[in-house]
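Hi,

Here is the structure I said I'd send over. Have a look at it first, and then read on for what turned up.

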Amino acid sequence: MERGKKRRREAEEIEAENRDANHSLSLEQNLSFSDTNVALRMMRAQFPQIDKVAIQPFILQSQLYSSVKDRTQVDRELELEHVVKRMEEKKQGDVDVFKWFKGHVIESKLEPSIEHEELYALLSLGGQVKDGHISLLINAGLLTRQLIDPNMYWFAIPNIGSVLKGLSQGRKELLSLLNRRRYKEMMLAPLEKMRLRLSPLDMRFLLRDLIGSGHLKTAHTPSGIVVQVSRD
C-alpha cells in the first residue's frame, strides 16, 4: 500500500517536472518549428498566467507567423471549448450551435468577419438554425455585430479586453526599450528574461507577436540570436 503511494507520488513529480520544463524552455531554443501543431501546443503551454483575468490561452496569428510558415488562424478555435462548457453549466439554450460554429464556420473562414447570410448558411450545414442560435453566439462573445453594417459580424474572443490593453502597452514598452539602445538591438537570451512594467504579458508572448508582425526581426550570430528593430 505504502509502496503504491510512493510510486504514484514519484509519477506525479516526474509529470510536474516535465510540465515545468515545457514552460521554462527559452525562446531561443524554441523560436522556430517545422510542425504547426507542435508550435501551437508549445505556445499554449507558455501562455502567461494573468491575475484576476479569466481567459483561456489563445494564440495570435502574428505569433504563429513568427515560428512556422503555415499561416493558420487558431485563436478563435482555442477559446471555443471553454465557451461551450460555460454555456452548458449555465444551461443556456441549444449548445449544438457551438459544434456547428466550430466545425463549419471556424474551419472554413479565415477572414476576421462574416456576413449574416453566409454565417446562417454555414451553420445550417450542422442543423436547423434559429435566430436564437445567432444571439447565443453573440452573448457568448464569439461574434460582435458591426456598427456600420449590422448585417456583418466580427469574430471575437471572450474576455479579451483587458488582455488587449496589456498587449498594446507591452508592445510599446518593448519597442521603446530596444529603440533606446545604441544599435536598436539586443541578444534574445537576456531580453526574454526581462520583465515589463506596464504589461502583465510576459516577454516571450510579446516577442513572438512583434517578430511575427514584422516590427522586430532576428539574426543568428555566433553568440546566439539577436533581436533587432525593423527599419521602416
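Below is what I found, starting with the whole chain and then moving to a few of its helices.

One thing to keep in mind is that this is a predicted model.

**The chain overall**

The chain has 232 residues, and 43% of them count as buried. Its secondary structure adds up to ten helices and six strands. If you take the contacts with a separation of 6 or more, 60% of them are between residues 24 or more positions apart. As for the surface, the chain exposes about 14,200 Å², with carbon and sulfur atoms supplying 49% of that.

**Helix 7**

Helix 7 covers residues 131-139, and its buried residues are His133, Ile134, Leu136 and Leu137. Looking down the axis of helix 7, you'd see these buried residues fall within an arc of 155°, so they line one face of the helix. The general reason such a pattern can arise is that an α-helix has 3.6 residues a turn, so residues three or four places apart point the same way. Asp131 and Asn139 sit on the other side of helix 7, and both are exposed. Just past the end of helix 7, glycine 141 has a positive phi of about 85°.

**Helix 5 against helix 7**

So what does helix 7 pack against? One partner is helix 5 (residues 96-106): the two axes come within 10 Å and cross at roughly 75°. Since angles of 65 to 115 degrees count as roughly perpendicular, that makes helix 5 roughly perpendicular to helix 7. From helix 5, the contact uses Val97, Phe98, Trp100 and Phe101, while helix 7 brings His133, Leu136 and Leu137. By class, that contact has six nonpolar residues, one polar and no charged. His133, Leu136 and Leu137 are also on the list of buried residues of helix 7.

**Helix 5 against helix 6**

Helix 5 also meets helix 6 (residues 116-124), where the axes come within 8 Å and cross at roughly 105°. That crossing makes helix 5 roughly perpendicular to helix 6 as well. Here helix 5 contributes Val97, Trp100, Phe101, His104 and Val105, and helix 6 contributes Leu119, Leu122 and Leu123. The residues of this contact divide into seven nonpolar, one polar and no charged.

If you want a place to start in the viewer, try Val97, Trp100 and Phe101 of helix 5, which take part in the contact with helix 7 and also in the contact with helix 6.

Cheers

Definitions and conventions: Residues are numbered from 1 along each chain as its sequence is written. This is a predicted model: local features need pLDDT of at least 70, side-chain atom pairs count only at pLDDT 80 or more; totals for chains, interfaces and linings use all residues. Side-chain values use heavy atoms; hydrogens and water are left out. Buried means under 20% relative accessible area, exposed over 50%, partly exposed in between (1.4 Å probe, protein chains only). Helices (H or I, at least four residues) and strands (E, at least two) are DSSP runs, numbered from the N terminus. The arc is that of the directions from the helix axis to the C-beta atoms. Axes are lines fitted to C-alpha atoms, for helices over the stretch in contact, and angles run from 0 to 180 degrees between N-to-C directions. Angles under 35 degrees count as roughly parallel, over 145 as roughly antiparallel, 65 to 115 as roughly perpendicular and the rest as oblique. Contact means heavy atoms within 4.5 Å. Ala, Val, Leu, Ile, Met, Phe, Trp, Tyr, Cys and Pro count as nonpolar, Asp, Glu, Lys and Arg as charged, and the others, Gly among them, as polar. Accessible areas come from the Shrake-Rupley method with a 1.4 Å probe; for residues, only the protein chains shown count as cover.
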